[in-house]
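Biologist: Thanks for sitting down with me. Could you walk me through this fold, one piece at a time?

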Amino acid sequence: MLKRLEIDLRRRLNAPVSLASARAPLAEDQLDSNTRQRLTSFTTAARRNQWLRGRSALMAIAAKLDIEPRLAALNPPCPGISLTHGDKISIAAGINPAQGIGIDFESWRQIQAGLLRCFLTEAEQEQLTVPSNFTRLRLWTVKQALFKASSANRELRLTDFEIDEVAETTSRARNYGRANSELRCTSFMLRQGLLSIAIED
């Protein structure tokens, strides 16, 4: 399934984006001293397993991109690589040569209509008539992916990013917080939830 998704993703964004996923955590004996110390900071087994599963996905995307698979160097934010977690899966997206890239996955859940103003601009809200929960959740993942794709997002908000066509699954977007930089984004409906990927031009 991931291979077909990757092919469609490359066609939609017209860019050599790669995907890798992991359902099992990385074995602790594969950690270096820096990442082993990071692991000890998590207080619950569930959070440790999620983090280790993420390291497994990062190692897999590094192998696909043929880059140095040092875990400390792969820890997001990392140029050309982004990571997202679901309940039982971690998915990494990467692009080589490196440029801004962001990925976000959300399991099916409710997004209240009143929350739209927290992450959509006024222009985006005006494009929506009566947005379904599907649309609200999709746009949430898109905004998260756009935020992650921005190489300088430290002081930005989700409303600094504006999608040109909110009703389309693939669209262009702008980062008004960074000299109107341009981005491209797309979304996929999966059985477990919604996945969005964005790249910065």
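Modeller: Happy to. This is a predicted model, and a good place to begin is β2 and β3, which form a hairpin with 4 residues between them.

Biologist: Over how many bridges do β2 and β3 pair?

Modeller: Strand β2 covers residues 81–85, and strand β3 covers residues 90–95. One of the bridges puts Ser 82 opposite its partner in β3, Ala 93. The two strands run in the antiparallel sense, and the number of bridges between them is 5.

Biologist: Is β2 largely enclosed or open, and how many of its residues are buried?

Modeller: Buried here means under 20% relative accessible area. Strand β2 is largely enclosed by the rest of the structure, because the buried residues number 4 of the 5.

Biologist: Now Arg 53: is this residue buried or exposed?

Modeller: Arg 53 sits in helix α3, which spans residues 45–65. Beyond its sequence neighbours within four places, Arg 53 is in contact with residues including Leu 26, His 85 and Ser 90. The cut-off for burial is under 20%. Arg 53 has a relative accessibility of 8%, so it counts as buried.

Biologist: And the bigger picture: in what order do the strands of the open sheet lie?

Modeller: The sheet has 5 strands, and the pairing is antiparallel. Its edge strands, each pairing on one side only, are β4 (101–107) and β5. Reading across, the order is β4-β8-β7-β6-β5.

Biologist: Which residue in β8 stands opposite Arg 184?

Modeller: Strand β7 (residues 181–189) pairs with strand β8 (residues 193–200) in the antiparallel sense, over 7 bridges. Across from Arg 184, the residue in β8 is Ile 199.

Biologist: Helices α1 and α7 both pack on this sheet. What angle does the direction of α7 make with that of β4?

Modeller: Helix α1 (residues 2–13) touches β6, β7 and β8, and its direction makes about 145° with that of β7. Helix α7 (residues 133–149) touches β4, β5, β6, β7 and β8. For α7 against β4, the angle is about 150°.

Biologist: Last one, on Glu 162: with which side chain does its side chain make a polar contact?

Modeller: Glu 162 lies in strand β5 (residues 161–163). With a relative accessible area of 13%, Glu 162 is buried. Not counting residues up to four places away in sequence, Glu 162 touches several residues, among them Ala 123, Arg 172 and Tyr 176. The polar contact, at 2.7 Å, is with the side chain of Thr 121.

Key. Residues numbered from 1 in each chain as written. Predicted model: local features only at pLDDT ≥ 70, side-chain atom pairs only at ≥ 80, totals over all residues. Heavy atoms only, no water. Buried < 20%, exposed > 50% of the residue type's maximum accessible area, 1.4 Å probe, protein only. Contact = heavy atoms within 4.5 Å. Polar contact = N/O pair within 3.5 Å; in protein donor to acceptor, adjacent residues only side chain to side chain. Pairing = 2+ DSSP bridges. Axes fitted to C-alpha atoms, helices over the stretch in contact; angles between N-to-C directions.
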